Amino acid sequence: MWIPKFRLVVLQFFRLLQILGIVIKHSINELLAKNYFIKKINKKRKRVNNLQERIRITIEELGPTFIKFGQIIADRPDLASEKLRLELKKLQSAAVPMENETAINLIENELGGSVDIVFSNFNKEALASASIGQVYSAELKTGESVVVKIQRPNIKTKIQLDLYLLKYFAIRIVKAYPELAAMNIVNVVDKFGETLLSELNYLNEASNILRFKEMFKNDNRVYIPKVYMEYTTPRLLIMEKIEGVPPDEIHRFSEVGADRKIIAANGADIIVQMILKHGFFHADPHPGNIFVMKNNVIAFIDFGMVGVLKPAHLNFLAGFILGFARKDVKTITKSLLTLGELKFFEQEEELEFEIEQLLKKYGTLPFNNIDISLVLQNSVEIILKYNIIVPSSIYFLFKALATIQKFANNLDPDLSLPEIIEPHAKDLIKKKYSPSEFANAIYNTLGNYVSLLRDFPLEVNEILYKVKQGKLIHEIKFHDKKGLGKNIYSFARLTGAAFLIGAMFIGSTMLLIYDHEPALARVVFAISAILGTFMLLRFLFKSNKY
């Protein structure tokens with residue numbers, strides 16, 4: 001096993017040298033660019049003079065892993081400035097095509113034989129080339145037109161090396177600058193790595209296609225292409241070729257008899273259904289991944305990147321939309337805290353104030369004309385200031401909403417995305433509080449209590465056995481030590497006073513019963529009764545302080 005490990009170390013070393021070479025080259029260019037005379041020369045020759053642009057060019061040279069990571073950062077306001085994010089949005093996944101002969105050899109390796117065995121016709125000129133794979137058109141022996149996507153050779157090894165180095169740099173950065181820990185950069189790299197490695201397995205994309213096909217099997221407005229699982233492998237994907245018109249080529253809509261307003265409304269509604277009804281959505285619905293077909297049918301392709309939302313995230317979005325529609329600050333604030341999975345938040349009043357200011361900013365606009373993705377992003381930027389961690393899937397949601405809103409408004413400027421979202425949000429809220437959901441909640445709660453009652457005696461026996469054996473160890477960490485000290489002191493003082501009053505009460509009662517010193521006994525009895533009543537009332541009305 002030491003040979004593969006040694007080989008991995010060697011590959012990491014050479015890849016690190018390559019990365020350092022690119023970074024050093026652009027760092028030198030950055031230093032030179034700050035020189036007055038160099039600036040003048042660059043302006044005359046129209047060379048790059050902008051730091052953000054140089055970062056983008058550096059990332060493009062570093063390769064597919066860094067390009068995709070840059071694209072993720074472009075949608076993360078918590079990790080990059082607005083200027084840098086706008087520049088990173090220009091990053092393109094297109095890459096220098098690999099040799100057609102190499103690609104066809106790879107396809108035949110995956111098929112286990114010549115392309116002629118499976119295809120009656122195979123176009124040996126690539127349709128498209130991206131950083132991870134290359135696409136060809138073909139026709140199966142059975143007559144169906146298909147697209148064939150083949151993965152670049154050794155791309156997985158290259159990406160794994162880059163991910164290892166990215167994580168190493170992230171850990172070092174957090175150690176060097178502890179104030180960046182709140183950004184959770186290491187977690188961002190981990191999540192990015194999971195998403196990217198998932199994209200590298202084409203069986204995952206095939207599974208996503210089948211899931212979307214099942215979701216929309218009864219909706220004649222949307223078409224999901226067929227995937228040919230018998231030929232698909234982790235590095236080869238064969239799916240139905242879609243014949244249609246890209247939605248940004250409006251002048252060609254007449255070819256398929258499409259109505260731009262219907263396409264805009266249906267496209268937006270389909271994406272919103274994916275998000276709010278299914279919690280599983282196409283995370284990159286740009287015009288290159290959408291086709292308009294006959295009868296105003298919309299087809300989607302490229303299902304490598306998808307977003308998955310938990311029920312809590314769906315409740316956040318529904319609550320946020322309805323709260324914004326009603327200009328209800330408390331509802332919006334509660335929904336944002338739900339997003340951060342916080343039930344109690346000490347700075348809730350301050351957060352409500354900032355949300356109220358945001359409402360006033362957009363309050364002059366009619367709800368139907370509001371850019372909902374921008375409002376969501378502004379709201380998340382507010383909660384980030386309070387170090388509330390936002391799930392990475394939410395940024396996929398922002399990207400999908402922003403993309404589909406732009407797509408829809410290009411086709412129909414009068415279309416209102418908030419109007420499309422609102423009924424779906426109401427349905428989600430109704431479902432959450434429906435009798436069946438309420439009954440399920442009660443059933444689950446009762447089930448938990450039954451389990452507790454059933455298991456409690458066994459667990460108590462186990463604890464007592466460990467106590468007898470001297471094996472029970474419990475570690476308690478207190479974050480607010482000063483507050484804990486005050487609470488312990490107050491509790492001890494209260495316990496001592498209660499004990500003293502109790503002793504006076506019992507003693508005076510016994511003296512009265514046996515008729516010893518009745519006058520003194522009555523006084524002590526009265527004092528202890530008054531003090532006892534006072535303490536009881538104080539405990540009942542101020543117990544929250546302890």
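**Exercise 1.** In this predicted model, determine which residues of helix α12 are buried, and explain why the helix is described as largely enclosed.

*Solution.* Step 1: list the buried residues of α12, which are His313, Leu314, Phe316, Leu317, Ala318, Gly319, Phe320, Ile321, Leu322, Gly323 and Phe324. Step 2: compare with the helix as a whole; 11 of its 15 residues are buried, so α12 is largely enclosed by the rest of the structure.

**Exercise 2.** Check the length of α12 against the value expected at 1.5 Å a residue, and state what follows the helix.

*Solution.* Step 1: the 15 residues, 311-325, should span 21 Å. Step 2: the end C-alpha atoms of α12 lie 21 Å apart, which agrees. Step 3: after α12 comes Lys327, with a positive phi near 55 degrees.

**Exercise 3.** Describe how helices α4 and α8 are arranged and which residues make their contact.

*Solution.* Step 1: the axes of α4 (residues 64-73) and α8 (residues 155-176) come within 9 Å and cross at roughly 55 degrees. Step 2: this angle makes α4 oblique to α8. Step 3: α4 contributes Pro64, Thr65, Phe66 and Phe69 to the contact, while α8 contributes Ile155, Ile159, Asp162, Leu163 and Leu166. Step 4: sorted by class, the contact has 7 nonpolar, 1 polar and 1 charged residues.

**Exercise 4.** Identify the residues with the most contacts inside the largest nonpolar core, and the helix that supplies its largest share.

*Solution.* Step 1: this core has 110 residues, and those with the most contacts inside it are Phe212, Met274, Ile275, Phe281, Phe300 and Phe320. Step 2: helix α16 (residues 392-411) supplies the largest share, 11 residues.

Note on methods
Residues numbered from 1 in each chain as written. Predicted model: local features only at pLDDT ≥ 70, side-chain atom pairs only at ≥ 80, totals over all residues. Heavy atoms only, no water. Helix = DSSP H or I, 4+ residues; strand = E, 2+ residues; numbered from the N terminus. Expected span 1.5 Å × (residues − 1). Buried < 20%, exposed > 50% of the residue type's maximum accessible area, 1.4 Å probe, protein only. Axes fitted to C-alpha atoms, helices over the stretch in contact; angles between N-to-C directions. Parallel < 35°, antiparallel > 145°, perpendicular 65-115°, else oblique. Contact = heavy atoms within 4.5 Å. Nonpolar A, V, L, I, M, F, W, Y, C, P; charged D, E, K, R; others polar. Core = buried A, V, L, I, M, F, W, Y, C linked by side-chain atoms within 4.5 Å.
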